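Colleague: I am in my first year and would like to learn how to read a protein model step by step. Could we go through one together, with me asking and you reasoning towards each answer?

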Amino acid sequence: MPLSFDVWAPTPERVELVVDGQTVELQRAEEGWWRLGDEHADLAVDGARYGYRLDGSEQVYPDPRSRWQPDGVHGLSQAYDPAGYNWADGDWTGRQLAGHSIYELHVGTFTEQGTLVAAIERLDHIAEMGFDFVELMPVNAFNGVHGWGYDGVCWYAVHDPYGGPRAYQRFVDACHQRGLGVVQDVVYNHLGPSGNYLPLFGPYLDESVSTPWGGAINLTKQDSDHVRRYIIDNALMWLQDFHVDGLRLDAVHALIDTSAIHLLEELSVEVGALSAFLGRPLSLIAESDLNDPRMITPREAGGYGLDGQWSDDFHHALLANVTGVDSGYYADFASLDALGKVLENGFFHDGTKSSFRGRRHGRRLDTPTLPTWRLVVCSDNHDQIGNRADGARLAAMCSTRQLQICALLTLLSPYTPMVFMGEEWGASTPFRFFSSHPEPELAEAVSKGRLEEFAKMDWDLSTIVDPQSEEAWRSSVLDWGEVDGDVHREIAQTYREALALRRTYPDLTDPRFEWVQTLFDPDSHWFQLDRGETMSVVVNFDADPVEIELEDSSEVLLRVGDVQIVEGKVLLGAYSGAVLHLTRDALVGRS
């Protein structure tokens with residue numbers, strides 16, 4: 001596709017293009033578009049610096065579809081032709097979500113340099129561990145240098161401090177050459193508070209609907225067809241121009257769409273068409289707290305047709321049983337019954353009352369038809385860690401053995417496992433919420449808002465680091481020197497071996513809910529997860545040893561802590577676990 005300075009701007013009466021020091025009047029076209037006359041076509045060249053004046057404004061605004069903002073979100077755009085990159089991933093045929101695992105990372109804290117090029121140097125570690133996908137937290141341009149990326153305002157541009165679009169292409173190319181797929185986290189439910197000039201161009205927001213971020217994205221009102229196209233074209237850009245293999249759609253429950261065809265369904269249709277054209281799998285994964293099966297139900301069965309969705313219920317049930325935390329939204333999950341239900345049925349809240357919400361929540365999954373891998377699960381992720389006032393990882397609350405138990409149940413669950421960067425070695429560094437808004441008033445509002453948020457949750461406010469401080473960002477950078485420590489190597493080995501088992505034994509990637517069974521004892525706090533006919537994961541959540549009866553033919557494939565098989569019994573010491581390879585009906589009492 002040739003470079004273009006065409007812009008959708010139905011709001012202004014006059015639009016001028018400012019490009020490399022020249023000012024050119026754009027011509028009004030149909031449907032609110034403005035186009036460059038043929039006599040100026042030679043101005044659309046790779047590397048050109050440009051922007052738009054609206055109704056004679058003194059300020060020159062960046063392109064809503066800018067691929068590059070080298071001077072930040074308030075500066076001029078720079079034309080970038082993605083076709084100019086010489087890809088080396090011609091042999092890459094893609095990777096489906098089914099049966100695979102995800103490694104989530106934040107570019108700005110994954111390495112000391114905080115760039116995409118520096119991240120390439122650590123890809124061998126991810127591949128050697130046995131992960132299949134790398135999921136990047138948002139990389140679209142946002143105000144400031146450091147941030148989580150969810151306050152993006154230039155959705156088409158790769159954040160320049162990360163390296164810009166060329167570095168992004170290099171990163172994806174490097175992943176593919178190592179057999180790693182790439183999932184990109186994208187945010188379509190809101191825009192950041194600084195640098196959002198879209199409303200000056202057109203009705204991108206529906207101001208009649210209030211959200212925590214201001215007006216809602218206009219998905220149903222006048223001219224919403226073009227706003228929806230803006231979103232869908234962005235999704236297709238990542239998948240086609242940047243060779244990305246999937247998208248994680250942030251907080252889709254915040255997309256307010258009453259159309260007959262929901263945006264998510266429309267997106268699913270277009271991504272499916274692109275997948276057919278490219279001849280490789282393309283995945284869409286929703287972040288949603290609705291526990292709504294429509295997200296992952298096929299379109300022909302009345303759903304939106306997405307490939308997967310995050311499942312917070314799994315995280316809550318696992319964390320509550322490992323740590324004993326039973327307050328707030330963990331209250332409903334603090335029992336082995338909850339963990340068992342989540343593993344056998346997908347959702348815990350499937351129409352049941354949520355004490356945290358004070359109402360019924362969710363809907364039952366159609367487990368006879370839906371495959372298990374459509375749910376993406378974790379024991380920690382950026383949200384769960386960042387929601388803690390001190391940004392502490394699970395590693396700060398659990399022993400080494402408990403972390404290894406979490407690894408066994410997450411990686412060998414029936415679902416698609418996701419691991420947050422550093423989790424695989426029990427990283428000690430926190431992952432705090434941080435931002436770097438240069439505007440003093442906005443910076444103060446973010447800092448004050450963070451304190452008020454945690455004060456309502458009765459957190460110890462002395463543990464909160466000002467998100468605008470350099471400490472908040474710098475303390476969150478991974479310490480790769482930890483990897484070689486004895487304890488960290490031990491944790492990493494558990495992750496490595498568990499991921500290897502997934503690739504060795506088909507029962508561990510079998511997608512049928514009916515082949516998942518759990519057994520547990522709420523008194524002695526042992527738990528057993530059976531997968532198919534041959535595999536079983538047994539863990540002891542307690543400090544007191546436990547015994548579970550087995551057949552002599554059982555074989556221990558992976559052990560955590562003190563595990564012994566004696567006279568047809570598996571003996572589990574304090575906070576221990578094992579992966580067992582069984583014959584049919586090897587476990588006594590198994591139906």
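Modeller: Before we begin, one term is needed: a residue is called buried when its relative accessible area is under 20%, exposed when that area is over 50%, and partly exposed in between. Please also keep in mind that this is a predicted model.

Colleague: With that in mind, is Gln402 buried or exposed?

Modeller: Gln402 sits in helix α11, which covers residues 400-411. Its relative accessible area is 11%, and the limit for the buried class is under 20%. Gln402 is therefore buried.

Colleague: Which backbone atom does the side chain of Gln402 reach at 2.8 Å?

Modeller: Leaving out residues up to four places away in sequence, Gln402 touches Val322, Met397 and Tyr575. Its side chain reaches the backbone oxygen of Val322 at 3.2 Å. At 2.8 Å, the side chain of Gln402 reaches the backbone nitrogen of Ser399.

Colleague: Tyr575 was among those neighbours; what is its relative accessibility, and how is it classed?

Modeller: Tyr575 belongs to the loop between β28 (569-572) and β29 (577-581), and its phi is positive, about 45°, although the residue is not a glycine. Partly exposed residues fall between the 20% and 50% limits. With its relative accessibility of 27%, Tyr575 counts as partly exposed.

Colleague: Asp55 also interests me; how many ångströms separate its C-alpha atom from that of Gln402?

Modeller: Asp55 lies in the loop between β6 (49-54) and β7 (77-78), where its phi is near 55°, a positive value in a residue other than glycine. At 45% relative accessibility, Asp55 counts as partly exposed. Asp55 and Gln402 are 347 residues apart along the chain, and their C-alpha atoms are separated by 62 Å.

Colleague: Which backbone nitrogen lies 3.0 Å from a polar atom of the side chain of Thr111?

Modeller: Thr111 is found in the loop between α1 (107-110) and α2 (116-120), and with a relative accessible area of 4% it is buried. Not counting residues up to four places away in sequence, Thr111 touches Ala118, Ala119, Arg122, Val477 and Trp480. The backbone nitrogen at 3.0 Å from its side chain is that of Gly114.

Colleague: Where does Gly272 stand, and what distance separates its C-alpha atom from that of Leu284?

Modeller: Gly272 has its place in helix α7, residues 263-278, and at 37% relative accessibility it counts as partly exposed. Gly272 and Leu284 are 12 residues apart along the chain, and the distance between their C-alpha atoms is 9.7 Å.

Colleague: Turning to the whole protein, why can it be called as compact as a globular protein of its length?

Modeller: The protein has 14 helices and 29 strands. For 591 residues the globule rule gives 25 Å, and the protein is as compact as a globular protein of that length because its radius of gyration is close to that value, at 25 Å.

Colleague: Finally, what share of the residues counts as buried?

Modeller: The C-alpha atoms fill a box of roughly 90 × 50 × 50 Å along the principal axes, and the protein exposes about 23000 Å², of which carbon and sulfur atoms supply 48%. Among contacts between residues at least 6 apart in sequence, 69% join residues at least 24 apart. Of the 591 residues, the share that counts as buried is 58%.

Technical notes:
Residues numbered from 1 in each chain as written. Predicted model: local features only at pLDDT ≥ 70, side-chain atom pairs only at ≥ 80, totals over all residues. Heavy atoms only, no water. Helix = DSSP H or I, 4+ residues; strand = E, 2+ residues; numbered from the N terminus. Rg over C-alpha atoms; globule rule 2.2 N^0.38 Å. Buried < 20%, exposed > 50% of the residue type's maximum accessible area, 1.4 Å probe, protein only. Contact = heavy atoms within 4.5 Å. Areas by Shrake-Rupley, 256 points an atom, 1.4 Å probe, with all protein chains shown as cover. Polar contact = N/O pair within 3.5 Å; in protein donor to acceptor, adjacent residues only side chain to side chain.
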